[in-house]
Amino acid sequence: MVGIIIASHGSLAEGILQAGEMIFGKQDNVAACTLLPSEGPEDIKRKIKKAISSFDSQDEILILADLWGGTPFNQASQVIAGHEDKWAIIAGVNLPMAIAAFGERFGEESAQAIAKNILGEGKNNIKIYPESLSPKVDTKAEDAKVVKGSIPEGTVIGDGKFNYVLARIDTRLLHGQVATSWTKTTKPDRIIVVSDNVAQDDLRKNMIMQATPPGVTAHVVPIWKMIEVSKDPRFGGTRAMLLFETPQDVLKTIEGGVDLKEINLGSIAHSLGKAVITTSVAMGKEDYETLDKLRNMGIKFDVRKVPTDKGENFDNMMKKAKEQLY
């Protein structure tokens, strides 16, 4: 696995690593190296070298520095001397870039390839709100991609079937852990929030759209609509991530004909009358009974907040819930 160094003036690197692990999970072979006000260039160089030597492998190293031409960057440049064929440095590190690097390590073994892949992520996630403050960008008509008309009904694209890369129950729906860690590992081209309640809530829909990562299309649809489009062959080849707010929404969707085999259980929020099962999952009687029905239908459950977490034992969770609720 590619080793990653985050290097900065002050404690910025430590903050980025801590925040990144909150979203993406604990990271092996990643270190934060800081240049404190009382230290000099040799100190940060020594820290970088020590961190690299602590990694399982020193074959592929990516260094994320804060400022181009700053001391951490300059000293990192000296450290990679002689390794330019494999190692790489990117300056201007931000949290989206670091998280993207964590995700890329799952499928990419080259530090330089990861560097190329995540550069755009760092840039694309620099946005302004309200969006009306964003500078206007002139686009020449001949360069713009315009799609006219719609695909005729009955057209079969690919095998005519959705590819469900992830179906997740998460009370918070689309948030940082989903928009970054799960998106990076499952690589959907559409994120579909399936909820009758949210589909009628313009504020929540707007918040979901704002949280959508670059390069992915987001939709918020009622359950009946998801059932309908799942049978439409025009969506063949679509890599879809489905997000559900409750187990009950999952059950209705599957009973309507959406072909889901496995559910990622991320979180069910606690409320009055619910039993706390894990740090992120609480169940009421209706939740327990719905999940039990899904289990009896042959649906498998993967209980993890982020891809790097060790999965919880779902059967043990259900046993604990039953003991507390009945």
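Begin by selecting Glu21 and Lys26: the two form a salt bridge, and their closest N and O atoms are 3.9 Å apart. Because its relative accessible area is 63%, Lys26 counts as exposed. The model on the screen is a predicted one, and this tour moves from single residues to the whole chain and back again.

**Further salt bridges**

Side chains of opposite charge can pair when their charged atoms come close. The structure holds 16 salt bridges, and several deserve a visit.

Select Glu39 and Lys47 next. Their side chains meet in a salt bridge with an N to O distance of 2.9 Å. Is Glu39 buried, exposed or partly exposed? Its relative accessible area is 22%, so Glu39 is partly exposed.

Now display helix α2, which runs over residues 41-54 and contains both Asp43 and Arg46. These two residues are three positions apart, about one turn of the helix. A salt bridge joins Asp43 to Arg46, with 3.4 Å between the closest N and O atoms. Asp43 has a relative accessibility of 24% and therefore counts as partly exposed. Arg46 also counts as partly exposed, because its relative accessibility is 46%. For a salt-bridge network, select Asp292, Arg295 and Asp315, which are joined into one network by bridges that share partners.

**The whole chain**

Return to a view of the complete chain. How many helices and strands does the protein chain have? Its secondary structure comes to twelve helices and twelve strands. Along the principal axes, the C-alpha trace spans about 65 × 60 × 35 Å. The chain has 326 residues, of which 47% count as buried. About 17,200 Å² of the chain is exposed, and carbon and sulfur atoms supply 51% of that area. Among contacts with a separation of 6 or more, 76% are between residues 24 or more positions apart.

Colour the chain by pLDDT if the viewer allows it. The mean value is 88, and 94% of the residues reach 70 or more. Then select residues 139-149, where pLDDT stays under 50. For this stretch the model has one contact beyond four places in sequence. Where pLDDT is low, the predicted coordinates should not be read in detail.

**Two annotated spans**

Select residues 1-126. An unreviewed UniProt entry annotates this span as "domain: PTS EIIA type-4". Its end C-alpha atoms lie 28 Å apart, and the span is 48% helix and 17% strand.

Next, select residues 160-325, for which the UniProt annotation, from an unreviewed entry, reads "domain: PTS EIIB type-4". Here the end C-alpha atoms lie 43 Å apart, with 40% of the span in helix and 23% in strand.

**Two residues with positive phi**

Asn29 is found in the loop between α1 (12-24) and β2 (30-35). Its phi is near 55°, a positive value in a residue other than glycine. Is Asn29 buried or exposed? Asn29 counts as buried, because its relative accessibility is 14% and the cut-off for burial is under 20%.

Move on to Leu173, in the loop between β5 (163-170) and α6 (176-186). Leu173 is not a glycine, and its phi is positive, near 60°. With a relative accessible area of 1%, Leu173 is buried.

**Aromatic rings**

The structure holds six aromatic pairs. Show the side chains of Phe162 and Tyr164: their ring centres are 5.5 Å apart and their planes stand at 10°, so the pair is stacked. The angle qualifies because planes under 30 degrees apart count as stacked. Add Phe235 to the selection, and a cluster appears in which ring pairs link Phe162, Tyr164 and Phe235. Phe162 itself counts as buried, at 10% relative accessibility.

**A last stop in helix α10**

Finally, select Thr253, which belongs to helix α10 (residues 247-255). Its relative accessible area is 0%, so Thr253 is buried. Which residues are in contact with Thr253, leaving aside its neighbours within four places in sequence? They are Val194, Ile223, Met226, Ile227, Phe244 and Val258. Displaying these side chains together with Thr253 shows the surroundings of this buried residue.

Definitions and conventions: Residues numbered from 1 in each chain as written. Predicted model: local features only at pLDDT ≥ 70, side-chain atom pairs only at ≥ 80, totals over all residues. Heavy atoms only, no water. Phe/Tyr/Trp six-rings, centres within 6.5 Å; stacked < 30°, edge-to-face > 60°. Buried < 20%, exposed > 50% of the residue type's maximum accessible area, 1.4 Å probe, protein only. Helix = DSSP H or I, 4+ residues; strand = E, 2+ residues; numbered from the N terminus. Contact = heavy atoms within 4.5 Å. UniProt positions renumbered as here; feature names shortened; annotations may be inferred. Salt bridge = Lys/Arg side-chain N within 4 Å of Asp/Glu carboxyl O. Areas by Shrake-Rupley, 256 points an atom, 1.4 Å probe, with all protein chains shown as cover. pLDDT = per-residue confidence, 0-100.
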